[in-house]
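Trainee: Could you walk me through this one, a step at a time? I'd like to see how you get from the atoms to each answer.

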Amino acid sequence: MSNDGNVIYFNGIEVATDEMIVGRINSDGSGLETYPAPFGSAMNIVTNGDGSIAYFNSLNAVHKIEDGSIDVVVEFDDEFYVWMLQTNDKGDYVYITIESIGNIWKINSDATHDVSVVDKDDVEVDDKNVSKILDFRVADDGIKTSFIPHGYREGVNVNGYWEGGDTHELTEVFYSEYGNSNQMTFDDEEDDGITKFLFDMSGNGAVVLYGVEEDTYIVKPGTKFVTKLGSFTGWGHLNYDGSIMFTSDDSDGVLVSTLDKQLFPLSLGDHLEEDVGSMDGTLINNDGDIVSFIVMADDYSSTSLYVGHFYSSADDVPAASPNALYSATIAYSGELPEPVLISEEVDALVFESRSKPAGSSVQIPITLYGNEEPVGNMDLALSYDPEVLECVELIKGGLTENSIFEYNIMDETIKASLIDMDGFSGDGSVCYVKFNVIGSAGDTSPLRIDNLAINSASDLSVIDMEATNGVFTVLSSDEGKGDAEGDGGEYSAYDALYALLMSVDKIDAHESMDINDDGIVSSIDARLILKLASEDKSVE
C-alpha cells in the first residue's frame with residue numbers, strides 16, 4: 001500500500017487461466033488494473049509514497065510498474081536469487097538482498113548505478129559470525145535501514161547456517177544509517193539464540209518492530225528503549241512515526257498505540273462480507289487512518305483484499321465502491337473501543353524530538369517520565385550533529401528549579417551534571433537544550449543521551465532508567481508556521497507568547513512566526529495563533 005493509503009498493489013492467481021498476475025487498485029475500489037506476471041512469478045511487491053511506482057521480483061529479476069507498463073530494472077544470473085525488495089518514498093531506488101550474497105544493495109530505477117548499502121562483512125557481533133543479511137526494511141528517506149543478519153557462533157559454520165549442538169543461531173536486530181551499523185537487540189542468558197523476526201520499520205526510521213516467538217516488540221534506534229507490545233497472530237505494520245501498529249489477532253484486526261502501550265480491538269469481522277478464516281497482509285498508511293488486509297474465507301473458498309477507512313463520525317463516511325473481483329471498501333466510524341492496557345509504562349528520560357525551520361532557534365526538553373524515587377544527582381552526556389544544530393546553552397527545567405546545575409558544551413558533545421538536596425521525582429523537564437538551527441531543510445540530527453547515571457536522594461543507590469533518544473528535523477520556511485516549540489502539535493498560548501516576544505524585540509523574529517505573511521512578526525500574528533489555539537487547530 002502506498003504511504004498515503006490511496007493505492008494498493010497485490011499479486012494473485014487468475015482463476016480463469018490459473019496464472020499469476022500483478023494487480024493495482026485504488027483504495028476506493030476503482031481503477032483496477034491487472035498484468036500477467038513476468039516469468040510466471042511476482043513476489044515482494046513494494047510501492048513508493050504515492051503509488052505511482054511499484055517494484056517486484058520474479059526469482060532473479062527485478063521489475064518496475066509505472067504508467068501502466070512493466071519493465072525489467074535488472075536481471076541477474078540464475079544463481080543470484082533476489083530474496084527481498086524495498087523502495088524509498090520517491091521510488092527512484094530499489095533496495096534488494098540476494099540470497100547467495102547476503103548484502104543490501106541499492107539500485108536506481110534505470111539500473112545505471114548500484115551500491116552496497118550494508119555489507120555483511122562490516123557487521124560486528126561479539127563471538128558470532130555473520131553469514132548473510134536477508135530480511136531488512138528501509139525508511140522513507142532511503143538512508144535508515146533495519147535488518148536481521150543470519151549467522152552462527154564461532155566454529156559452527158555449516159554452509160553459512162547454524163548447526164545444532166550447544167551453539168545458537170544469530171538473528172539479532174540491527175540499525176544502519178549511512179552505512180554505519182549498530183546492534184539493537186541482544187541475547188541474554190535466558191533467551192540466548194532465540195530467533196527474532198523483523199516485521200517493520202516506521203517511515204521516519206524512529207521505530208523498529210520485531211517479533212520473538214509469539215511476542216511483538218518495538219525498539220527505538222540509537223537508544224536502549226525496547227518494549228513488549230503483546231502477543232498477536234499476525235505480523236504488524238507501522239504508520240510513519242511508529243506511533244500506531246496495525247496487525248491481526250484471532251482473525252480480526254487490532255490497532256496498537258505504541259507510545260502508551262494500549263490496544264484497540266476493531267471488530268472488523270462485523271464489517272466484512274464473508275466469515276473470516278484468517279487475516280494476513282496487514283498494512284497501514286502514514287497517517288494511520290487507512291488500513292488494508294487480506295482475508296481468507298472461513299471455508300477457504302476465496303481470498304479477498306479489503307481496505308478500511310477510519311472516520312471520526314458517521315457523517316464523514318462516503319458511499320463504498322467495491323470491486324467484486326478483488327476489493328471491497330469498508331468503513332469504521334465512531335469512537336474507538338475502550339483501550340486495553342497491554343504493557344506497563346517504563347521509567348524513562350527522553351531527549352524529545354523536535355522540528356523547526358533553518359535560521360530559527362529551539363529549546364528542546366529532556367523530560368523525566370514515571371520515576372517515583374527522588375533523584376539526588378544525575379550525570380548526562382548528550383550528542384547531536386553540529387552541522388545541523390548549534391548548541392547555545394542549557395536551561396534548568398521545571399523539576400530542577402532548586403537543583404545545582406552545571407554543563408559544558410564541547411563540539412558535538414554536551415556534559416551536564418546536577419545535585420539536589422531534597423531530590424525530585426515525577427513527570428517533567430530536567431533541562432532544556434537551546435539550539436540554533438543551522439542546517440538546511442530536510443536535514444536531520446540525532447538527539448542522543450549517550451550516558452546516563454542517576455542516584456537516589458535518600459541513600460545514593462542507583463536508579464535504573466531507560467534513556468530514549470530523539471531526532472531533530474529541519475523544516476522548510478513554510479512548514480511548521482507558528483510552532484514555537486517545534487513539537488508539531490496543536491497551537492498553544494505558548495506559541496502566541498513566543499510571537500508576542502518577537503514583536504517587541506525581546507527575542508529575534510523568525511519568518512516561521514509570521515502567520516499572516518506580511519513580512520513582520522507582530523501582535524497580529526500572536527492574536528492569530530491564539531485564535532487557532534482556541535479552535536484546537538493543528539500546526540500541520
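What follows is a chat about sheets, rings and cores.

Mentor: One thing before we start: this is a predicted model, so local features need pLDDT of at least 70 and side-chain atom pairs count only at pLDDT 80 or more, while totals for chains, interfaces and linings use all residues. Residues are numbered from 1 along each chain as its sequence is written, and side-chain values use heavy atoms, with hydrogens and water left out.

Trainee: In what order do the strands of the four-strand open sheet run?

Mentor: Strands here are DSSP runs of E, at least two residues long, numbered from the N terminus. Two of them pair if DSSP finds at least two bridges between them. Strand 8 and strand 9, for instance, run antiparallel and are joined by five bridges. The pairing in this sheet is antiparallel, and the order is 8-9-10-11.

Trainee: Which strands are the edges there?

Mentor: Look for strands that pair on one side only. Those are strand 8 (82-87) and strand 11 (114-118).

Trainee: Is asparagine 103 buried or exposed?

Mentor: Asparagine 103 is found in the loop between strand 9 (93-98) and strand 10 (104-108). The cut-offs are under 20% relative accessible area for buried, over 50% for exposed and partly exposed in between, using a 1.4 Å probe and protein chains only. Asparagine 103 has a relative accessible area of 7%, so the word is buried.

Trainee: How do the rings of phenylalanine 147 and phenylalanine 174 pair?

Mentor: Rings of Phe, Tyr and Trp (its six-membered ring) pair if their centres lie within 6.5 Å; planes under 30 degrees apart are stacked, over 60 edge-to-face, and the rest tilted. The structure holds nine aromatic pairs. In this one, phenylalanine 147 and phenylalanine 174 are 5.4 Å apart centre to centre with 10° between the planes, which makes the pair stacked.

Trainee: How many residues apart are those two in the chain?

Mentor: Phenylalanine 147 sits in strand 13 (residues 144-153) and phenylalanine 174 in strand 14 (residues 174-177). The pair links distant parts of the chain, and the gap is 27 residues.

Trainee: What sits over the face of tyrosine 93?

Mentor: A charge sits over a ring if NZ of Lys or CZ of Arg is within 6 Å of the ring centre and within 35 degrees of the ring normal. Here the distance from the ring centre is 4.4 Å, and the residue is lysine 106.

Trainee: Which strand gives the most to the largest nonpolar core?

Mentor: A nonpolar core is a set of buried Ala, Val, Leu, Ile, Met, Phe, Trp, Tyr and Cys residues joined through side-chain atoms within 4.5 Å. The largest has 34 residues, and Val433 and Phe435 are among those with the most contacts inside it. With five residues, the top giver is strand 36.

Trainee: What is the strand order in the five-strand open sheet?

Mentor: Strand 31 (residues 361-369) and strand 36 (residues 428-437) pair in the antiparallel sense over eight bridges. Isoleucine 364 stands opposite valine 433 in strand 36. Pairing in the sheet is mixed, and the order reads 33-36-31-29-38.

Trainee: How many residues are in the other core, the one with Leu255?

Mentor: That core lies apart from the largest one. Its members include Leu255, Val276, Ile284 and Tyr306, and the count is 14 residues.
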